[in-house]
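Please open the model in your viewer and keep the sequence panel beside it. The tour begins with the whole chain and then moves to individual residues.

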Amino acid sequence: MITNTELEHKGNIFPNNIISFSKEVDTFTFTTENGVVLQATVLRDSVIRFRYATEGNFEPDFSYAIDKEPPHGYNHLECVEEKDAYVIKTAKLVCKISKSDLRKRITDTDGNVICEDEQGFHWEYSYESGSDIVKMSKVAQKAESYYGLGDKPMHLNLKGKRVENWGTDQYAFGKDQDPLYKNVPFYVGLHNSRAYGVFFDNTFRSYFDFCHERRNITSFWAQGGEMNYYFIYGPDMNAVVTSYTDLTGKPELPPLWALGYHQCKWSYYPESKVKEVTNKFRELKIPCDAIYLDIDYMDGFRCFTWNKEYFPDPKRMVDELAEDGFKTVVIIDPGIKIDKDYWVYQEAIENDYFCKRADGPYMKGKVWPGECNFPDYTNPEVREWWAGLFKELISEVGVKGVWNDMNEPAVMEVPTKTFPLDVRHDYDGNPCSHRKAHNIYGMQMARATYEGVKRFVYPKRPFIITRSAYSGAQRYTSSWTGDNIATWEHLWIANIQVQRMCLSGMSFTGTDIGGFAEQPTGELYARWIQLGVFHPFCRTHSSGDHGDQEPWSFDEEVIDITRKFVELRYQLLPYLYTAFWQYAEEGIPMLKPLVLFDQDDQQTHYRTDEFIFGNQILVCPVLEPNAKGRRMYIPKGKWYNYWNDEVTEGGKEHWVVADIDKIPLFVKEGAIIPKYPVQQYVGEKEIDQLTLDVYYKKGKERSTVYEDAQDGYDYKKGRYSLRSFKLTGRSNELIIQQHKEGKFVTTYDTFKLKLHGLPFKVKTIEFDNEEIPFEDVKLNGDNTLVIDKDFTELHIIGE
């Protein structure tokens, strides 16, 4: 007899009333009658972690995203029981947890609502996967805006959007296409001038809905794992982003050359072609620091090998390139060719390092070399082995950086573009399927690569770039935004994506300048290079299928524009390096969307084009053809037009002239901008003088310059130079005060000050309370003067 029974479909299940409560130091545990457990852990006055278990027990507390032990510490903590709720209070937050259903309402200490649950936590059991689909829904506050989520190619403000995190190889992706390569389950909410963040640390396929399905409801959910998220309060948006970056980890400083201009193509080969390209850069005097080798440098696309027909003596070539200032960066993919005569494959087989299917055989998939197996980078033993594979490339050949591609992971000729979901992973001793490991696979590959390059490039600093990433990958690697297209729409997307990545804790990001697929016009390439030099990572990359894309592939005008803007980037390297130092030290984004710069100005909440480069330079790319200028929003305050020193009052839109050889570029009044001389590559010249562009302001402004040896780790032993400048402007006087920290001695002894917008004629100059003759500071009619770098206070007094 066959009985026809159906598994009961329960639909959404909700917590019911709390029956027990306990406290252990900073963790509060609430248990409901139907077995749901909520743990609320107060990490700081402004950061609370919420974890939910549906059957009374939590999974092992393990995360690839969190940097070691998250910092703890608070000024005040108490929990009060009321009639209908438990109330957790810190010095900044009040979190009220309903006794009847665990719903939460978070306010500031004045009672202003920051974030409140709608249905709150609920879940649905999936019979197919054997796990919970965990869900959270919240009330959207009036006029609330949403930002973050990594590389999404859509409007910066995510209000009205639904997005998905499932790393996907999306060749020639389009506007609003989702998902892409990155998986960053972190967003910032902003309403009533108060910002907060939510980091949903769940690596399963996840979704975020920002008032898309229901007009006033924001929700997020994942197809497995725990409902485990961190609530981060500002109220300043900058504080939210820096707290999130602190939680998931800050990067080390890169070598300064990594912030130079890089040139790449699929592919430069043979050696004669590589030399032709590098020689042309030097001939045209377009600065360039790195040349990339794509998959064709390998023997049959086998990782860690060389095609000796194309590159008969790699070490000699890499050495010769280095003599001309070029650092060589090579690509390494995860797919290892199935070849019994291939030493990397042999080692992996002997040690059982490849990913396996559920029933035991190795995971097999087609990528560039043909049929491949794939290392399980979630196994610490595999990561250690992988790191060791870089010895020859780095120590012996002299390669300076490694580029990880195809690590979503990408698999060709299958509809899903990736591994089957039954593939098994070690997950650092927490065995799981690919459902859980997929989104962190690329990050763990980049981590293993970083550990290897760092080991063998020491005492220099490593440089890694990855296509796929999860939250926390910034600890190991830079990234780029993947296979874009040479269109004007993609120039707009490029601008959005890098701003969004900076908001998502991953500032060291850039795009393929000019577009990877198809071929740009000279005008589009010129406009793209004008944007790209203001991105933290700056690289032209293209597919050889669509023709040449070096700067000289167009006409003389484009060559001149490229040279002009790449030279400007090299002049601004100390400014950019200072911004990176602030990112590495404090988690401050290197680029700031206008909403991050001034969240109180509602005009900034939906701006996409304008951004702040560092702290004091305003950039706005030209995003359409045949333009002689554009309208743009200039934020509140006064700003100097970089090209002509005209002062513009912000807080409104302006028409800005910007023909093909210019980009709208402004400097905040009061700023002191450091500049190096133009170099063809980092280290070409010894810096014998630092130029400081000083922009007069009636009032006060602070600026910073960070310098060190530009590579190596002496900066961690105090051998750095940190100069803090305080500018005070009056109607007839300009005062600059300097405070110096660190033991590093710069190669230059003097500053060349260029004074912009000075409203008076200089009568007297006082250097540390002593009046000095004009000839001693080489003061001339263009308002420049040369002074000793170690001054404490400089007074420039007018008539």
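How far apart are the mean positions of the positive and negative charges of the chain? In this predicted model, the chain carries 95 positive and 121 negative charges, and their mean positions are 3 Å apart.

**The whole chain**

Keep the entire chain selected and show it as a cartoon, in which the secondary structure comes to twelve helices and 51 strands. If you then orient the view along the principal axes, the C-alpha atoms fill a box of roughly 105 × 70 × 50 Å. The radius of gyration is 28 Å, which agrees with the value near 28 Å that a compact globule of 799 residues would have.

Next, colour the chain by relative accessibility: buried residues make up 64% of the 799 residues. Switching to a surface representation brings up an accessible surface of about 29,500 Å², of which 44% belongs to carbon and sulfur atoms. With contacts displayed, and counting those with a sequence separation of 6 or more, you will find that 69% are accounted for by residues 24 or more positions apart.

**Two cis peptide bonds**

Now select Gly-234 and Pro-235, which are joined by a cis peptide bond with omega near 0°. To place Pro-235 in its surroundings, add strand E18 (227-233) and helix H1 (237-248) to the selection, since the residue lies in the loop between these two elements.

Move on to Glu-408 and Pro-409, where the joining peptide bond is again cis and omega is about 0°. Here the flanking elements to display are strand E25 (401-404) and strand E26 (424-425), with Pro-409 lying in the loop between them.

**Two residues with positive phi**

Continue along the chain past E26 to Asp-428, which is found in the loop between E26 and strand E27 (432-433). Although Asp-428 is not a glycine, its phi is positive, at about 50°. Is Asp-428 buried or partly exposed? Its relative accessibility is 22%, and because buried means under 20%, Asp-428 counts as partly exposed.

For the last stop, select Asn-783 together with strand E49 (770-771) and strand E50 (784-788), as the residue lies in the loop between those strands. Asn-783 likewise is not a glycine and has a positive phi, in this case of about 60°. With a relative accessibility of 21%, Asn-783 counts as partly exposed.

Technical notes
Residues are numbered from 1 along each chain as its sequence is written. This is a predicted model: local features need pLDDT of at least 70, side-chain atom pairs count only at pLDDT 80 or more; totals for chains, interfaces and linings use all residues. Side-chain values use heavy atoms; hydrogens and water are left out. Helices (H or I, at least four residues) and strands (E, at least two) are DSSP runs, numbered from the N terminus. The radius of gyration is taken over C-alpha atoms; the globule rule is 2.2 Å times the number of residues to the power 0.38. Buried means under 20% relative accessible area, exposed over 50%, partly exposed in between (1.4 Å probe, protein chains only). Contact means heavy atoms within 4.5 Å. Accessible areas come from the Shrake-Rupley method with a 1.4 Å probe; for residues, only the protein chains shown count as cover. Lys and Arg count as positive and Asp and Glu as negative; His and the chain ends are not counted. The place of a charge is taken as NZ of Lys, CZ of Arg, CG of Asp or CD of Glu.
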